[in-house]
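Here is a short tour of a two-chain model for anyone who likes to think in helix axes and contact lists. Have the viewer open and follow along.

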Amino acid sequence: MSSRTPDAAASAPGGLRRFWRRTGTRVLALQALALVLAFGVAGALASVSIRQISERAYRADVLGELASMDDEWRHKGVGHLPFTVAKRSRLWHGFEYGLTGPGGGYLAGDPSLAALARAGWTRPMAGRRLVLAYTEPLPGGGWFTVGRDLTAEQDQMRDLTALLALCGAVGVAICLATAYLTTRWTWRRLDELSSSAALVTAGRLDVRAPVKNPAAPDEIDEVSLAFNAMLDRVSRLVGELRRVTMDVAHDMRRPLTRLRQKLERLGREAQSMPKVAAQVQRLDAEFLEILRTFDALLQLAEIEGSARPEDLVNLTDVTERVTEALRPDIEEGGRTLEAVMEPAIVRGDSDLVAQAVVNLLENAARHTPAGTQIVVRVEANSGAPSLQVRDNGPGIPDTLKNLALAPWGRLEASRSASGSGLGLAIVASIAERHGAQLELCDAEPGLDARLLFPDATADGA
Amino acid sequence: MLLLPPDHAAAHPARPRAHPRLGRFALRVLIIEDDVEAAWHMADDLEGFGVEAVVIHDGAQALAPGLGDGSFDVLIIDRMLPGCDGLSLLGQLRERGVETPALFLTAMGAVADRVAGLQGGGDDYVVKPIDAEELGARVQALARRRGRTSDTTALSCADLELDRLQRRVRRGGQTISLLPLEYRLLEFLLLSRGQPVTRKMLLEQVWGFRFDPRTNIVETHISRLRAKLSEGGGAPLIHTIRGAGYVIQDA
């Protein structure tokens, strides 16, 4: 299992979800949202106050122009006003005008301003320009309107908004980048920790999480140290358990072997008494069974305690050798054995692979009635080979499959058949040592046991 | 130099005598094993075959002059010795020109151990605990291996002949056709003619199995081989040694 960097994690679709689940990502997203909101509120407040200030200034402008026009008509008479409006419109300096006669008819200026005919402030359109307008009634009827062009103000506000948005975007980007750079360091170390944990789960009890600074541990070092201490304890316990198992099996083996030898001698001496001889023979068979169980236990402990084997093994050769070795016995038991082989190479130990094939075949032969067809198949599967041993016997019910793989998990239905019950457990243990997967499928009817090996050409990190 | 416990001679006054199943082989064996009890058990087992066993518990002692100079037929060396690894001990002995066949003992049969042991000058490698018969048969096979070259082209036993060049087997002039596995089984038996070979030795040498399958592979093949060899009516040549193994010999 390779350690995954956050970047690699983010690139895969599943990784993206994993990326989003991280606390750091969520905090970052929240920070970015807060930053955008803050910029938005600040921008809105600024634009409102700028608008208020400029509105006041524009109103003063409009009132000033109006006062100057008032002077004009008071001095020269209302009748002269259309000429003044025409002249000032011609010499345009930011103001628009509208003038109607006593009957409401258009006299001069912008027609839409002239059509307002209502006293007070308005923001109408004069042609294509937005204006701030003030309208007042003229003595003797008619309306006079002065409007200030607001186009410049609008442009300014647009520029300001754009600037604010740009600043906001840059701010968010900087905020995200710095936060990511600091969090990535943490993530990378957490990834190291979780890949160590994954290796331990895969059976490597010797793996420990890296600690950057044991003298002055930071919070992640503290987690790693606690994790490592836990692993030390677990591996010590597992080691003790293994040692006790080994010791018991080991110590019991010698006295049992001697007992068996004595029993054999007794059997020879009792040849004149057929009944006793038969009893002794049965006892002897039971002893052999016990010895084999201890052997299997020792072997199981040995496989589980050994390092992962790394030789290249010709799976086809090994399977063929085992199949041919077991063929006479299987066929004498009234079963048929068929082998379908493709060339395949796996990484591991040839003895252990052979042992796995033997156990699978013996399992198929021992727990099926005479007449069963057994098929051994090796498939190359373009680099990730598989070994399949399939029979058409009674099979194993789904609910009991896990039990069959566990030590001592011999199935109730086959309990009458002799066997240490460790056969499939040993296969499972060998599979684990080889990074392979042991699957027990229903062959409908029968058992279809498969060993799925990893690609032998890939480096076995 | 015979380092026996004081009460040993009293406990076994009748030794050495012939082993009931394997006979006597009159050999001298040096056991280098730090586990005192296991060492004496082994010595005891071997003396049952008439083998004279000298026991030392310390690797350094083995390097003392006079011990490794060829006065022994076989060395039995534990892989794990205090202060000295069995492997490097044998390496030093081999450097001094000691050619005595060596059998490594180990508590665990880890593959790496085994390969290292065989590459490091060991001639056989067994995982403890080892049965008396197994040990006896292996010691005898190792001792006999010295005098015999395995590149002999013609093997025989009574009127049975095996031609290793043509891979042909004849008995009383009659050709017997054997399957490849049966041929290899017979070849191995004939190479150890007159000596017992155990099930485990056959599994290792003929089948290449370092473990004992529950299926009676050896028994089945031996019985087929026996049947083929006796097709012409000749006397049985392959004999079963109960609880120990097989031997091929002229009646």
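A crossing is called left-handed if the near helix is turned anticlockwise from the far one by less than a right angle, and right-handed if clockwise. With that in hand, and remembering that this is a predicted model, we can begin in chain A.

**Helix packing in chain A**

Helix α10(A) crosses α12(A) in the left-handed sense. The first of the pair, α10(A), covers residues 350-366, while α12(A) covers residues 423-433, and they pack at about 145° with axes 9 Å apart. On the α10(A) side, the contact is formed by L352(A), Q355(A), A356(A), N359(A), L360(A), E362(A) and N363(A). Facing them from α12(A) are G423(A), L424(A), I426(A), V427(A), I430(A), A431(A) and R433(A). Sorted by class, the residues of this contact are eight nonpolar, four polar and two charged.

Chain A also holds helix α8(A), residues 274-305, with 32 residues. From first C-alpha to last, α8(A) reaches 46 Å, close to the 46 Å expected at 1.5 Å a residue. Buried residues in α8(A) are V280(A), F294(A), A296(A), L297(A), L298(A), Q299(A), L300(A), A301(A) and I303(A).

**Chain B and a second helix pair**

Turning to chain B, its secondary structure comprises nine helices and 14 strands. Of its 251 residues, 41% are buried. Among contacts in chain B with a separation of 6 or more, 65% are between residues 24 or more positions apart.

How do α7(B) and α9(B) cross, and at roughly what angle? The axes of α7(B), residues 180-191, and α9(B) come within 10 Å and cross at roughly 85°. Angles of 65 to 115 degrees count as roughly perpendicular, and therefore α7(B) and α9(B) are described as roughly perpendicular to each other. From α7(B), the contact uses L181(B), E182(B), L185(B) and L186(B), and from α9(B) it uses H221(B), R224(B), L225(B) and K228(B).

**Where the chains meet**

The two chains touch through 23 residues of chain B and 25 residues of chain A. Helix α9(B), residues 217-229, supplies four residues, the largest share of the chain B side.

Here are the class counts for the two chain B groupings:

| Grouping | Nonpolar | Polar | Charged |
|---|---|---|---|
| Contact of α7(B) with α9(B) | four residues | one residue | three residues |
| Side of chain B that touches chain A | 10 residues | seven residues | six residues |

Note on methods. Residues are numbered from 1 along each chain as its sequence is written. Chains are lettered from A and ligands numbered from 1 in the order in which they are written. This is a predicted model: local features need pLDDT of at least 70, side-chain atom pairs count only at pLDDT 80 or more; totals for chains, interfaces and linings use all residues. Axes are lines fitted to C-alpha atoms, for helices over the stretch in contact, and angles run from 0 to 180 degrees between N-to-C directions. Helices (H or I, at least four residues) and strands (E, at least two) are DSSP runs, numbered from the N terminus. Two residues are in contact if their C-beta atoms, placed from the backbone, lie within 7 Å. Ala, Val, Leu, Ile, Met, Phe, Trp, Tyr, Cys and Pro count as nonpolar, Asp, Glu, Lys and Arg as charged, and the others, Gly among them, as polar. Angles under 35 degrees count as roughly parallel, over 145 as roughly antiparallel, 65 to 115 as roughly perpendicular and the rest as oblique. A residue is buried if 20 or more other C-beta atoms lie within 10 Å of its own, exposed if 12 or fewer, and partly exposed in between; C-beta atoms are placed from the backbone. The expected span of a helix is 1.5 Å times one less than its number of residues.
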